[in-house]
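Trainee: I would like to go through this structure with you. Can we take it one question at a time?

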Amino acid sequence: MDLDTIFLKVGDFGRYQWIHNYLLCGLAAMYAAPYCLSYVFTSLDLSYRCYIPECESPDGPFYASWLSDAIPFDPVKGLSKCERYQYVNVTDTCTANSFQDDIVEKCTQWIYKYPEEKNILVEFDLHCNENKWKLTAVGTLSIVARILGMPLTAFVSDRFGRRYVIIFGTILSCLFGTLRALSPNYETFLAFELLDAFFAAGFYHCAVVLGVELISPSKRIWATIIINCAYTVGDIFLGTVGYYFRYWRHFLLVIYLPGAFFISYFWIFPESIRWLVSMQRYDEAAKIIEKMARWNNVKLDFDIKEALSMSKSAEEKSKEPQLSYVQSIMEAARSWTLMFRLAICSFCWMTCSFVWYGVTQQATLIEGDIYVNFIISSLMQYPGYFLCILLAGFGRKKPLAACFFLCALASLSSYVIPPDSAALRVSLVMASKLIISSSFLILILLSAEMFPTELRHSMVAAANMVGMIGQSFAPQIPLLVTYYGQYFPMLVFALINVIAAFLCLLLPETSKSKLTDTIKEAKELQ
């Protein structure tokens, strides 16, 4: 009797799964939002201009009738943020005659469009183009730290258990996020940002993997959707906290301090049954399955330990010596089939990561309140998940290819929208977020189903690491807009989506397959 059959007998969508799987894994997934996206607000390039002391007070309005006479103005970029014309001491105050427009001076003080918004740009004096790289470096280096942290979390997950990655990842994220809120300077802030990203890397994907491993094939799409819905709640929470707490230190404290709750996971969070069986720890797996049956009000008519020991996975392991982690990695690396699939999967992850985070970044650059736009952009993920339900009957790879094509079409549509149509631009960004959210969810599920239990997290993490290379470019979107115009990022999004759409059709269809436990089984997937 294999595990999928055992799960069906004890109830694979009962009360136990809702409490121990969806609620606890969902809370961990929700807490992944701060370390993934808090940099969008803490290092945002704010709207500001030069303070003209000859004409205004420090708390004066952002706009004034004389500004075009005092500050260089560009029809596309607007008022210069860091330059002003030299003041001429004449009797008229703040008119065209008051400034010498052929002599430009650097600013030393600024007026902010939204004075209540105070992030690291204001506190650490990161104004003007010469410091803009420091703002974009926060997001990029944070992603690099997550890439470096992925192998560690994958190793811990596949060798020592899924629960440890989730527990230590959330607790350390809480610690470093809180310390980041107390940073006295930019360098300290950046150091804690990187530590947070490094040690928290992977616990979201580990939650998804654990959720998928605890359920039968027909319900996997629901498990993935529920956990991703929880992550979206985290995004919405992030935007809502940002809306009410505009000071970056308060913002970080509010989103990170609740992470202290995850200390309780040492006592209440169970290990993955499938992982325990793959490690031949049948007694521990049997205790969890018995508890699952009690919670689901199911009376067992068979011996759990005997059923586990007679499973196909257990039989194969009794005939072959159990490989070490390094030996398993080497065996997978020698398989052209697995490496080919991993390469395609990695490019698809890169596409989803770059477009998803890039579109999220775009939502903060378009007209309107950045926090409201971010919340609306996050809400668009829910229709994307509903789209996944509608497409579930068509398998995994065909819906994934269709979503990539639709996202490319939405991106190219930006070229036919008039520049002054703010509402249409916002709608286009939101539509792109909806479609790429569907792509992301299907890809996460396909990746978890494609690789064997003994290396599932490691290979998903490997694909995600490559994906983060694309994600690392997302914080540079403001620079692309500055130098190449607001439509250039959408052209890049369209191109890589078309390539990913064709490549994903070469992957195996996994929607009706049982989860593979060994490398041999994974290679046999069609």
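**Bridges, domains and a disulfide**

Mentor: Start with the total: there are 13 salt bridges in the structure. Keep in mind that this is a predicted model.

Trainee: Which residue forms a salt bridge with Lys132?

Mentor: The cut-off for a salt bridge is an N to O distance within 4 Å. For Lys132, the closest N and O atoms of the pair are 3.6 Å apart. The partner is Asp45.

Trainee: How many residues apart in sequence are the parts that Lys132 and Asp45 tie together?

Mentor: Lys132 sits in helix α7 (residues 129-160). Asp45 sits in the loop between α4 (39-42) and β1. The pair therefore ties together parts separated in sequence by 87 residues.

Trainee: Which domain is made of two segments of the chain?

Mentor: The domain assignment gives 50-113 for domain 2 and 324-525 for domain 3. The segments 1-46 and 124-307 go together. They make up domain 1.

Trainee: What area is buried between domain 1 and domain 2?

Mentor: The C-alpha centres of these two domains lie 49 Å apart. Five residues of domain 1 are in contact with four residues of domain 2. Carbon and sulfur atoms give 61% of the buried area. The area is about 440 Å².

Trainee: Which residues of domain 1 lose the most area to domain 2?

Mentor: Three residues together account for 80% of what the domain 1 side buries. They are Leu46, His127 and Cys128.

Trainee: How many salt bridges does the rule find across the interface of domain 1 and domain 2?

Mentor: Polar contacts between the two domains come to three residue pairs. By class, the domain 1 side that touches domain 2 has two nonpolar, one polar and two charged residues. For salt bridges across the interface, the count is one.

Trainee: Which residue meets Asp45 in a salt bridge at 3.3 Å?

Mentor: The distance runs from N to O, and both groups are side chains. At 3.3 Å, the pair falls within the 4 Å cut-off. The residue is Lys81.

Trainee: Is the disulfide of Cys50 and Cys107 right-handed or left-handed?

Mentor: The sulfur atoms of Cys50 and Cys107 are 1.4 Å apart. Cys50 is in strand β1, and Cys107 is in the loop between β5 and β6. The torsion about their S-S bond is about 60°, so the disulfide is right-handed.

Note on methods:
Residues numbered from 1 in each chain as written. Predicted model: local features only at pLDDT ≥ 70, side-chain atom pairs only at ≥ 80, totals over all residues. Heavy atoms only, no water. Domains from an automatic or database assignment. Contact = heavy atoms within 4.5 Å. Buried area = accessible area lost by both parts, 1.4 Å probe. Polar contact = N/O pair within 3.5 Å; in protein donor to acceptor, adjacent residues only side chain to side chain. Nonpolar A, V, L, I, M, F, W, Y, C, P; charged D, E, K, R; others polar. Disulfide = S-S within 2.5 Å. Helix = DSSP H or I, 4+ residues; strand = E, 2+ residues; numbered from the N terminus.
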